[in-house]
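Hi everyone, thanks for making room for me today. I'd like to walk you through one protein chain, so please have the sequence and the model open in front of you.

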Amino acid sequence: MSEPIGVTGVRSAETQALRDRRAKLFPRQRTLDDSGNPAPLGLAFSGGGIRSATFNLGVLQGLAERGLLPHIDYLSTVSGGGYIGSWLHGVIRHKHDGDPRPAATDLDPNRPPGQPESDPIAFLRKYSNYLAPRNGLSLDALVIPLIWFRNMILNQTIIIAFLMATFIALLAPGALLHQIAIDAIPISPRALLIIAGLVTAVAVFKIGTGLRPARIEHHQ
C-alpha cells in the first residue's frame, strides 16, 4: 500500500501533468511562465437543461473558431452543462484519441454540416432529445410525465409548507388570547394590554422595515 503524498505532492504531480500536456499539444509554442510552470486555464458550464447545453455549445464553437479550445486544461460542468461537457469529452476521447486539436475542427461553425455518423454536431442535433431518445411510445416517454409529476409535488410541498407555517405564525397570538378568554384563565387587563401592545409593535416594525424610503428627484 503506497504512502499518501500530501497536498504538495498532488500539486507537483498536477503541475508535471500540465507540463507534459502542453509539451505534447504545443511543442513549438511557449505555454509556461518564467519559472517553468503552466498557467492553468479552466472553463465552467452552469446548469439549465437543454437551454444551457445549447448555449454552451455556442461557447465551445466560439472558442474553437479562435483556436482556444485545445488550451483548456480543466472543464467543470453541472446539469445541462454536464450534458454538453460529456459530449465534448466523448468527441475528444473516442473520435480523436484524446487530442483536442482535431476536435476544434469538428466544432468549427463555418464548415458545412455532415452526416450524423461522422459529424458530432449533426449527431448532437439529431439525438438532442436525451430524455426520450426513442421515437413513439416507449418506456422513456412514459417516465417523463412521472418525473414531471414527482418534481411538481416536491416543489408544491415546499411552498404549501411555507404558507402553512406563515399562516400558523400569524394566527398564534389571536388563538392564544381566544383560548385564554374561553378557559377563563385569570389574567389582568394590564397583561392583555401588554400582549396586544407587543403584537402591535412587532406588526408595525415589520411593516416599517418593508417600506422603502421615498426618493424625490429635483429636475431643473
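Let me start with a definition: helices here are DSSP runs of H or I with at least four residues, strands are runs of E with at least two, and both are numbered from the N terminus. With that numbering, Asp-97 is found in the loop between α3 and α4, the latter being residues 100-106. I'll come back to that loop in a moment. Please keep in mind that this is a predicted model.

First, the overview. The protein chain has 7 helices and 2 strands. Reading from the N terminus, the order is α-β-α-β-α-α-α-α-α. Of its 220 residues, 21% count as buried. The chain exposes about 16900 Å², and carbon and sulfur atoms supply 64% of that. If you take contacts between residues at least 6 apart in sequence, 57% of them join residues at least 24 apart.

Now to the strands. Which side chains of β1 are buried, and which are not? In this strand, residues 42-45, Leu-43 and Phe-45 point to one face and are buried, while Gly-42 and Ala-44 point to the other and are not. That fits a general rule: in a regular strand the side chains alternate between the two faces of the sheet.

The partner of β1 is β2, residues 74-77, and the two pair in the parallel sense over 4 bridges. Leu-43 stands opposite Leu-75 in β2. To get from β1 to β2 the chain passes through helix α2, residues 49-65, and this β-α-β crossover is right-handed.

Let's stay with that helix for a moment, since Asn-56 lies in α2. Is Asn-56 buried or exposed? Its relative accessibility is 5%, so Asn-56 counts as buried. Leaving aside neighbours within four places in sequence, Asn-56 is in contact with Phe-45, Ser-46, Gly-81 and Ile-84. You have already met Phe-45, one of the buried side chains of β1.

Next, some backbone geometry. As a general point, most residues other than glycine have a negative phi. Here I'd like to show you Ser-79, which has a positive phi of about 55 degrees although it is not a glycine. Ser-79 lies in the loop between β2 and α3, with α3 covering 80-95. Ser-79 is exposed, with a relative accessible area of 54%.

Back to Asp-97, as promised. Asp-97 also has a positive phi of about 55 degrees without being a glycine. With 73% relative accessibility, Asp-97 counts as exposed.

On to helix α4, where you will find Pro-100. Pro-100 is buried, with a relative accessible area of 7%. What does Pro-100 touch, not counting residues up to four places away in sequence? The list is Arg-21, Leu-25, Pro-70 and Ile-92. Take Pro-70: Pro-100 and Pro-70 are 30 residues apart in sequence, yet their C-alpha atoms are 5.2 Å apart in space.

Finally, let's look at the surface. Leu-139, Leu-142, Val-143 and Ile-147 form a nonpolar patch there, with about 360 Å² of accessible area together. Val-143 lies in helix α6, which spans residues 139-183. At 34% relative accessibility, Val-143 counts as partly exposed, because that class lies between the 20% limit for buried and the 50% limit for exposed.

That's my tour, and I'm happy to take questions.

Terms used: Residues numbered from 1 in each chain as written. Predicted model: local features only at pLDDT ≥ 70, side-chain atom pairs only at ≥ 80, totals over all residues. Heavy atoms only, no water. Buried < 20%, exposed > 50% of the residue type's maximum accessible area, 1.4 Å probe, protein only. Contact = heavy atoms within 4.5 Å. Areas by Shrake-Rupley, 256 points an atom, 1.4 Å probe, with all protein chains shown as cover. Pairing = 2+ DSSP bridges. Right-handed = clockwise from strand over helix to strand, strands pointing away. Patch = residues over 30% accessible without salt bridge, like charges linked within 9 Å, V, L, I, M, F, W, Y side chains within 5 Å. Salt bridge = Lys/Arg side-chain N within 4 Å of Asp/Glu carboxyl O.
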